[in-house]
Amino acid sequence: MNETLTLMLAWLAGVVLGAIFFGGLWWTLRHGMASKQPALWFFGSLMLRMSVVLPGFYFAGHGHWQRLLLCLLGFVTARLVVTWLTRPLGEKRPAPEASRAP
């Protein structure tokens, strides 16, 4: 039971880290594109996000590959959720194009 709880917490840590990373990326894109110095925004944001996520993975994994794998799975899950939540309203998937080759 204790190992299951630990693995669930590792997955939850991955979700939180992913939300911080990809939510921060979304925030940076919104503010950086309107800035006079976008390179500073993007580089600073990358350094800040990585300085949070990398130690987070280190502590969540704690030397166990199973915890690290579940943390990564939670990170990817958060990416999917943040991407879905931040999509523009009314966006539809593009229809597959018909082949125009003769």
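**A guided tour from Phe-21 through a three-helix chain**

Begin by selecting Phe-21, which is buried, with a relative accessible area of 12%. The model on display is predicted. Select Phe-22 next: this residue is buried too, since its relative accessible area of 16% lies under the 20% limit.

**The aromatic cluster**

Show the side chains of Phe-21 and Phe-22 together. The centres of their rings are 5.0 Å apart and the planes stand at 80°, so this pair is edge-to-face. An angle over 60 degrees is what places a pair in that class.

Keep Phe-22 selected and add Phe-75. Here the ring centres lie 5.1 Å apart with the planes at 50°, so the pair counts as tilted. Which parts of the chain does this pair link? Phe-22 belongs to helix α1 and Phe-75 to helix α3 (residues 65-85), and 53 residues separate them, so the view should include both helices. Phe-75 is itself buried, at 13% relative accessibility.

Now add Phe-57 to the selection. Phe-21, Phe-22, Phe-57 and Phe-75 together form one aromatic cluster. In total, the count of aromatic pairs comes to six.

**The whole chain**

Switch to a cartoon view. The chain contains three helices and zero strands, and from the N terminus on its elements follow the order α-α-α. Of the 102 residues, 21% are buried. Consider also the contacts between residues at least 6 apart in sequence: 68% of these join residues at least 24 apart. If a surface is displayed, it represents about 8100 Å² exposed by the chain, with 72% supplied by carbon and sulfur atoms.

**Helix α1 against helix α2**

Select residues 2-32, helix α1, and residues 38-61, helix α2. These two helices pack at an angle of about 180°, and their axes are 10 Å apart. That angle makes α1 roughly antiparallel to α2, as angles over 145 degrees count as such.

To display the contact, select on the α1 side Ala-10, Ala-13, Leu-17, Ile-20, Phe-21, Gly-24, Leu-25, Trp-27, Thr-28, Leu-29, His-31 and Gly-32. On the α2 side, select Pro-38, Trp-41, Phe-42, Ser-45, Arg-49, Met-50, Val-52, Val-53, Gly-56, Phe-57 and Ala-60. Colouring this contact by residue class gives 16 nonpolar, six polar and one charged. Phe-21 and Phe-57, already seen in the aromatic cluster, are among the residues listed for this contact.

**Thr-28: a buried position in α1**

Centre the view on Thr-28, which lies in helix α1. Its relative accessible area is 2%, so Thr-28 is buried. Which residues does Thr-28 touch, leaving aside those up to four places away in sequence? The neighbours to select are Met-33, Trp-41, Phe-42 and Ser-45.

**Leu-48: an exposed position in α2**

Move finally to Leu-48, in helix α2. Is Leu-48 buried or exposed? At 56% relative accessibility, Leu-48 counts as exposed, because the threshold for that class is over 50%. To close the tour, draw a distance between the C-alpha atoms of Leu-48 and Gly-24: these two residues are 24 apart along the chain, and the separation is 9.2 Å. Gly-24 is one of the α1 residues in the contact with α2.

Conventions: Residues are numbered from 1 along each chain as its sequence is written. This is a predicted model: local features need pLDDT of at least 70, side-chain atom pairs count only at pLDDT 80 or more; totals for chains, interfaces and linings use all residues. Side-chain values use heavy atoms; hydrogens and water are left out. Axes are lines fitted to C-alpha atoms, for helices over the stretch in contact, and angles run from 0 to 180 degrees between N-to-C directions. Helices (H or I, at least four residues) and strands (E, at least two) are DSSP runs, numbered from the N terminus. Angles under 35 degrees count as roughly parallel, over 145 as roughly antiparallel, 65 to 115 as roughly perpendicular and the rest as oblique. Contact means heavy atoms within 4.5 Å. Ala, Val, Leu, Ile, Met, Phe, Trp, Tyr, Cys and Pro count as nonpolar, Asp, Glu, Lys and Arg as charged, and the others, Gly among them, as polar. Buried means under 20% relative accessible area, exposed over 50%, partly exposed in between (1.4 Å probe, protein chains only). Accessible areas come from the Shrake-Rupley method with a 1.4 Å probe; for residues, only the protein chains shown count as cover. Rings of Phe, Tyr and Trp (its six-membered ring) pair if their centres lie within 6.5 Å; planes under 30 degrees apart count as stacked, over 60 as edge-to-face and the rest as tilted.
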